[in-house]
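The following exercises are to be worked from the sequence and the coordinates. Please attempt each task before reading its solution.

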Amino acid sequence: MIILGVDPGTATTGCAVIEAASGGSKLRALDYGCIRTSPDLPMHVRLQQIYDALCNKVREYKPEVLAIEQLYFNKNVRTALTVGQARGVAILAAANCGLDIAEYTPLQIKLAVTGYGRASKGQIQRMVAALLCLPEIPRPDDTADALAVAICHGHSSGLDAKLLDVRRTIR
């Protein structure tokens with residue numbers, strides 16, 4: 001399964017494509033980085049750039065699903081609103097490209113990547129690098145976060161498949 005992981009933001013959107021095989025137990029990074037937009041541009045232009053870049057990733061890698069973090073309440077309302085706009089654009093791009101969409105809470109992502117729901121950013125980044133056999137911790141943080149949400153979906157989808165098999169066996 002090919003997974004597109006996104007950590008949305010208007011200045012920097014983390015974007016990662018991974019392949020999950022063997023029920024999520026084998027993970028491989030195919031591409032990762034970030035989409036940067038200039039604060040000098042109007043917001044609608046920046047959102048269009050994010051949309052276009054994500055659609056290009058979908059065309060290039062043909063993922064089956066977009067994995068994205070659920071928006072959590074932020075004390076800075078302005079930041080929450082702009083992140084929400086970028087998140088909406090990412091979801092729209094995925095929907096228009098025919099992808100399934102999977103949303104995960106920060107707790108679910110931390111548990112899937114580190115096994116600990118209160119893991120620090122550094123712990124998550126080190127585990128992302130280890131799980132994907134990367135030569136170094138991906139930078140910037142948005143890139144590592146996009147990889148983490150993709151890993152979360154890889155592990156979750158593998159678990160879902162195993163549970164479905166168990167249910168079929170029981171019936």
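The exercises below concern a predicted model, and each is followed by a worked solution.

**Exercise 1. Cysteines**

Task: Determine how many disulfides a search of the whole structure finds, and account for the state of C133 and C152.

Solution:
- Step 1. The search of the whole structure returns 0 disulfides.
- Step 2. A disulfide requires two cysteine sulfur atoms within 2.5 Å.
- Step 3. For C133, the closest cysteine sulfur belongs to C152 and lies 19 Å away, so the two are too far apart for a bond.
- Step 4. C152 is likewise in no disulfide, its nearest cysteine sulfur being that of C15, at 17 Å.
- Step 5. The surroundings of the two residues can be added: C133 counts as exposed because its relative accessibility is 69%, whereas C152, at 1%, counts as buried.

**Exercise 2. Helix α4**

Task: Identify the buried residues of helix α4 and establish where they lie around the axis.

Solution:
- Step 1. Helix α4 spans residues 121-131, and its buried residues are I124, Q125, V128 and A129.
- Step 2. Around the axis these residues cover an arc of only 135 degrees, and they therefore lie on the same side of α4.
- Step 3. The spacing agrees with a general rule: an α-helix has 3.6 residues a turn, so residues three or four places apart point the same way.
- Step 4. Just after α4, C133 adopts a positive phi of about 55 degrees.

**Exercise 3. The largest pocket**

Task: Describe the volume of the largest pocket, and state which residues and helices line this pocket.

Solution:
- Step 1. The largest pocket holds about 420 Å³ of space.
- Step 2. Its lining consists of 20 residues, of which D7, E69, Y72, K121 and D145 are the closest to the centre.
- Step 3. At least two lining residues come from each of α2 (77-96), α3 (106-114), α4 and α5 (141-170).
- Step 4. The largest share, 4 residues, is supplied by α2.
- Step 5. By class, the lining divides into 10 nonpolar, 4 polar and 6 charged residues.

**Exercise 4. V89**

Task: Decide whether V89 is buried or exposed, and list its contacts beyond four places in sequence.

Solution:
- Step 1. V89 is located in helix α2.
- Step 2. Its relative accessibility is 14%, under the 20% limit, and V89 therefore counts as buried.
- Step 3. Leaving aside residues up to four places away in sequence, V89 touches L47, I50 and Y51.
- Step 4. N76 is 13 residues from V89 along the chain, and the C-alpha atoms of the two are separated by 20 Å.

Definitions and conventions
Residues numbered from 1 in each chain as written. Predicted model: local features only at pLDDT ≥ 70, side-chain atom pairs only at ≥ 80, totals over all residues. Heavy atoms only, no water. Buried < 20%, exposed > 50% of the residue type's maximum accessible area, 1.4 Å probe, protein only. Arc of directions from axis to C-beta. 1 Å grid on protein atoms, 1.4 Å probe; cavity = no way out; pocket = protein on both sides within 12 Å on 5 of 7 lines; lining within 4 Å. Points joined across faces, edges and corners; volume = space filled by probe spheres on them. Nonpolar A, V, L, I, M, F, W, Y, C, P; charged D, E, K, R; others polar. Contact = heavy atoms within 4.5 Å.
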